[in-house]
Amino acid sequence: MEAETKTMKSMKNPEENRNAKTMIEEAYRKIKQMLYDQKFAPGQRLVSTDLVELLHMSRTPIINALNRFVQDGIIGFESYRGFYVRPIDLQEIWEAFGVREALEAYSVEQAIKLSSPKDMAILEEKLREHQDYRPSYYTRRKFQIDSEFHLQIADMGKNSVLKWLLKRNLEHIYLRARLEDYSPERMITSAQEHKRLVQSMKRKDILGSVEIIRNHVQKARDHVIRCLSDEEYEENVELYQFKGWV
């Protein structure tokens with residue numbers, strides 16, 4: 001009888017494990033959406049008891065989800081402080097955009113070599129969507145459409161790891177970005193750069209396309225840096241000059 005009870009418990013464990021993983025994924029997705037919607041400010045503490053009420057979930061999957069965000073580098077944890085949204089500093093912006101530039105340059109090259117006419121048609125549709133959506137100020141929807149354009153190029157290169165890395169990189173910055181500091185003028189110039197990129201890619205001009213995407217990422221980086229508050233910038237300006245970035 002005892003052996004039978006143990007066998008029944010072991011049969012239940014796989015289902016329990018699947019349910020636990022599903023709950024963690026749900027908690028992770030909901031917290032990511034809250035970060036995306038700017039429900040939390042950079043530096044703000046994330047109290048598990050508050051999240052339990054907000055998400056209508058138990059504490060265990062929430063803690064597991066928060067620990068995943070710690071591994072992602074989006075949320076921090078300190079013994080006496082707990083979980084908090086990691087602010088973005090100048091060095092992190094510089095390094096993240098350096099990685100993004102390398103990823104996107106390779107992505108564009110591979111897309112030109114390996115994409116089909118159908119792939120290019122989808123990219124042109126993403127371009128039109130980006131151009132047609134013109135809010136008077138930066139919105140999360142604008143960021144999403146912009147990201148979809150870039151991820152489509154990665155998808156055209158037929159490299160799932162590259163696309164995954166680029167998606168993680170975009171989230172690393174934009175899940176913590178302050179939209180109120182972004183200039184609407186950047187939306188206009190960004191759309192123009194997207195258009196030039198697509199035209200160059202259609203001509204199969206690898207060198208020209210790589211140059212366009214590098215310049216595009218560098219301008220995006222400079223804009224994010226300019227959006228730092230004066231206090232944040234002053235705290236990092238010595239490092240900025242030391243690295244030779246200005």
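The legends below describe an overview and four close-up views of a predicted model.

**View 1. Overall fold of the predicted model.** The protein contains ten helices and three strands. In sequence order, these elements run α-β-α-α-β-β-α-α-α-α-α-α-α. The chain has 246 residues, and 43% of them count as buried. Among contacts with a sequence separation of 6 or more, 74% join residues 24 or more positions apart. The exposed surface of the protein comes to about 14100 Å², with carbon and sulfur atoms supplying 51% of that area.

**View 2. Helices α6 and α8 and the geometry of their crossing.** Helix α6 spans residues 140–156, and helix α8 spans residues 184–202. Their axes come within 12 Å of each other and cross at roughly 15°. Angles under 35 degrees count as roughly parallel, so α6 is roughly parallel to α8. The crossing of α6 past α8 is left-handed.

**View 3. Residues at the contact of α6 with α8.** From α6, the residues in contact are K142, D146, F149, H150, I153 and M156. The partners on α8 are M187, S190, H194, L197, V198 and M201. Sorted by class, this contact is made of seven nonpolar, three polar and two charged residues.

**View 4. Surroundings of M34 in helix α1.** Helix α1 covers residues 2–36, and M34 is part of it. Is M34 buried or exposed? With a relative accessible area of 15%, M34 is buried, because buried means under 20%. Leaving aside residues up to four places away in sequence, M34 touches K39, F40, L54 and L55. The view also takes in L175, which lies 141 residues from M34 in sequence. In space, the C-alpha atoms of M34 and L175 are 9.3 Å apart.

**View 5. Surroundings of S209 in helix α9.** S209 belongs to helix α9, which is made up of residues 206–226. The relative accessibility of S209 is 0%, and the residue therefore counts as buried. Which residues does S209 touch, not counting those up to four places away in sequence? They are V108, I112, L197, S200 and M201. Of these, L197 and M201 are also among the α8 residues that meet α6.

Note on methods. Residues numbered from 1 in each chain as written. Predicted model: local features only at pLDDT ≥ 70, side-chain atom pairs only at ≥ 80, totals over all residues. Heavy atoms only, no water. Helix = DSSP H or I, 4+ residues; strand = E, 2+ residues; numbered from the N terminus. Buried < 20%, exposed > 50% of the residue type's maximum accessible area, 1.4 Å probe, protein only. Contact = heavy atoms within 4.5 Å. Areas by Shrake-Rupley, 256 points an atom, 1.4 Å probe, with all protein chains shown as cover. Axes fitted to C-alpha atoms, helices over the stretch in contact; angles between N-to-C directions. Parallel < 35°, antiparallel > 145°, perpendicular 65-115°, else oblique. Left-handed = near helix turned anticlockwise from the far one by under 90°. Nonpolar A, V, L, I, M, F, W, Y, C, P; charged D, E, K, R; others polar.
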